[in-house]
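Hello,

Here is the structure I promised to pass on to you. Please open it beside this message and follow along as you read.

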Amino acid sequence: LITIPISVLQSETDKMHIKQVVISGFRSFRNQGEIEPFSPKHNVIVGRNGSGKSNFFNAIQFVLVAPKFATLRQEDRQHLLHEGAGSSVMAAYVEIVFDNSDGRLSVDSDEVILRRTIGHKKDEFFLNRKRIQKSEVISLLESAGFSKSNPYYIVQQGKVANLCLMKDKDRLNLLKEIAGTTVYEERRAESLKIMNETVNKQERIAEVLSFIEERLDELEKEKEELTEYDHLDKRRRALQFTLYDKELSKVTAQLETVESSRSEQMVEQQELFSRVRDLQDDSGMAEDALSGAQQGLDRLLTRRAAKAEECETAIERRSRLQVELQEARAAESTRTSALEEYRARLQEVKAEIGERDEELAGLEPTYVVKRTQLEELQRELAQSQARMETLYGKQGRGQQFSTEEERNSFLQKQIDILEGQIANKSTLLSRLQREANESDAALKEEARRIEAAKKEHQDKVAKLGELDKSVSEVLRVRNEHQETRKEAWRELESVQEELQQCRSDLEKGKQMLNSTLPRNVSLGLATVERIAQEKNLGTAYMGPLIDNFSLKNEAFRTAVEVAAGNSLFHVIVDTDSTAAMLMKELERRKAGRLTFLPLNQLRVPPVNYPDSGDVRPLIEVALEFDAVVEPAMRQVFGKKLLAKNLDAAAIHSRESQLDAVTVEGDVVSRK
């Protein structure tokens, strides 16, 4: 901030001068200390080149709206801001404090403060700390002598030298500008131009006056003609009135005759219309009956086709079951024959086992005796052979062997051979004993297998009986289920027929209801329904109010319809965003107008109902609805009372400030 007391060159008799200049952020001025006040007469500013002398006088011209600072673009304002080191300057201002004790400036103050502030996007003027328009600043300065037409209230460097070197004509023009006579010459030229335009206008006015006088003469003649025409026209209208009156009397008589005949014809026409309406009603009823019969015929045809398909399916199933039955019978026969074969084989095996047992029982003593005899014979044979060999040995031993060693060797060989034979006989005996044991084991195994076969046969017979029982039970259950399914199909067809009839009645009811509604409401309801299906809104869209409640008794229908009025067709939605979306869609499609009830925005204050037997809250007595739509129901029906009669409705409506309605539909408003 720079505070510099300075004054312009003034005469001793002129008191107006600059008392102070405040500069901030303008060109080279950013931070400058205060200087002692100058004299209000003459002051000289000296300094080195680049010290800011020119910028100081530019700041004064900047505030006084000199021609080069009159209109500044953004880049011009940017160049005027201080661009020194450090942070950049975003705004700058220059403030001049004038001594206005002589009242030269048309401001009711001895001191006038004029400030101009600029920035990247602003250029503002302030007078005594109050913002004013640029045009007001220019007018104020021109009133004090700072005119744009006389820019020499500040003599810049080089102007005096140019004045000395000027031609006489240019010097004269410059003196005129300094003296301010150029303004008067410009004004004189403007006045002459205005005078010429005025003369031209006078000539045009004279021509217009001449035309007007001629026109007045013509209008005067036309006035006389019009007066005569009015006189004749009055006579004509009098004659016409006389003629019209006579004709009116005649026509009135004729009209009375025609009116009487028309009344008779109207009566006949009303009778014909009533007959036509009756015929139309009968025709409509007949058409409805025909349509219902046709629909019933279509359903019967559909049922017949379904029954035919069911019959074909049953025939195919019967054929398949017959084939399966034949296969089962063949399998049963096969199982029976196999069972008989098993039984026959079992008898044969039993007989054979008996024979073998008898034979074994008969052979076993003989076998024991024979085996004992065999053992005895074998023992005797062995003893006989041993004796014979001993005898033979004794007989030829002396001749056979020459020495005792040969004899011993021969005897040892014979002993070995005998031991080998004994070993072979023992092996044979062991093998025979083993074969006998194996035969006994085989007999026992065969007996065990026969017992196992008997048990398996008994198990299979028992299992076959159980399977037969289970097959019979399954067949019985299947037949019961088939009968149950057929009965369910018949019930389903009946329910579908009833549902189709209900849908048809519902569509007719909707069509009749839409015919009674305004077109924009019916169109809006249909469009909103389609939008909800297209956008899959689900529970966010709950439909019109009329679809969200049911009557506890049909006797309350009239009272509910009268109490709700057009609110029956207000649409209930979950949130205001859903309502906004649906409204935008309606506007975009230009498909009617509706009122929405967003549940999240409904705030219904509690209502104090009167405690009387003559009136009851309509919402509690007549309506049933889901809890989720209760705010919407209370919004529409919350301030409605159901009264016994009109007198009770009037009394309690006035006392409780609630609307009351009777069962017959008579309404008493709280207003």
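Below is a short tour of what turned up, starting with charged pairs and ending with a few loops.

One thing to keep in mind from the start: this is a predicted model.

**Salt bridges**

How many salt bridges does a search of the whole structure find? The count is 19. Let me walk you through three of them.

Begin with R589 and E534, whose closest N and O atoms are 2.8 Å apart in a salt bridge. This pair joins distant parts of the chain, since R589 belongs to helix 11 (residues 576–589) and E534 to helix 9 (residues 519–534), with their positions 55 residues apart in the sequence. Is each partner buried or exposed? R589 is partly exposed, at a relative accessible area of 29%, while E534 counts as exposed at 53%.

Next to R589 in your numbering is R588, which has a salt bridge of its own to E585, again with 2.8 Å between the closest N and O atoms. Here both residues sit in helix 11, three residues apart, or about one turn of the helix. The two partners make a nice contrast: R588 is exposed, with 57% relative accessibility, whereas E585 is buried, with 13%.

Now put these residues together. E534, E585, R588 and R589 are linked in a network of salt bridges, and you can pick out all four by selecting them in your viewer.

The third pair is R634 with E630, where the closest N and O atoms are 3.0 Å apart. Both are in helix 13 (residues 630–637), and because they are four residues apart there, about one helical turn separates them. R634 is partly exposed at 28% relative accessibility, and E630 is also partly exposed, at 29%.

**Two patches in the 200s**

Which residues gather in a patch of negative charge on the surface? They are E213, E214, D217, E220, E222, E224, E225 and E228. Take E222 as an example: this residue is found in helix 7, which covers residues 181–400, and it is partly exposed, with a relative accessibility of 39%.

There is also a nonpolar patch on the surface, formed by I205, V208, L209, F211, I212, L216 and L219. Together these residues have about 650 Å² of accessible area. One of them, L216, lies in helix 7, the helix that holds E222 as well.

**A sheet of four strands**

Strands of a sheet pair through backbone hydrogen bonds, and the pairing can be parallel or antiparallel. In this model, one open sheet has four strands in the order 11-13-14-15, with mixed pairing. Strand 11 (615–617) and strand 15 (667–668) are at the edges; each has a single partner strand, so one side of each has no neighbour in the sheet.

Look next at strand 13 (residues 640–643) and strand 14 (residues 659–662), which pair in the parallel sense over four bridges. Across this pairing, A643 stands opposite T662 in strand 14. Where do the residues of strand 14 point? D659 and V661 point one way, A660 and T662 point the other way, and all are buried.

**Some loop residues**

I546 is in the loop between strand 7 (541–544) and strand 8 (549–551), and it is partly exposed at 29% relative accessibility. From I546 to F569 is 23 residues in sequence, yet their C-alpha atoms are 6.3 Å apart in space.

Finally, two asparagines. Most residues other than glycine have a negative phi. N128 is not a glycine, but its phi is positive, at about 50°. You will find N128 in the loop between strand 5 (123–127) and strand 6 (130–132), where it is partly exposed, with 27% relative accessibility.

N536 also has a positive phi, of about 55°, without being a glycine. This residue lies in the loop between helix 9 and strand 7. N536 is exposed, with a relative accessible area of 66%.

Happy exploring, and write back with any questions!

Best wishes

Definitions and conventions
Residues are numbered from 1 along each chain as its sequence is written. This is a predicted model: local features need pLDDT of at least 70, side-chain atom pairs count only at pLDDT 80 or more; totals for chains, interfaces and linings use all residues. Side-chain values use heavy atoms; hydrogens and water are left out. A salt bridge is a side-chain nitrogen of Lys or Arg within 4 Å of a carboxyl oxygen of Asp or Glu. Buried means under 20% relative accessible area, exposed over 50%, partly exposed in between (1.4 Å probe, protein chains only). Patches are made of residues with over 30% relative accessible area and no salt bridge: like charges are joined within 9 Å, nonpolar side chains (Val, Leu, Ile, Met, Phe, Trp, Tyr) within 5 Å. Accessible areas come from the Shrake-Rupley method with a 1.4 Å probe; for residues, only the protein chains shown count as cover. Lys and Arg count as positive and Asp and Glu as negative; His and the chain ends are not counted. The place of a charge is taken as NZ of Lys, CZ of Arg, CG of Asp or CD of Glu. Two strands pair if DSSP finds at least two bridges between them.
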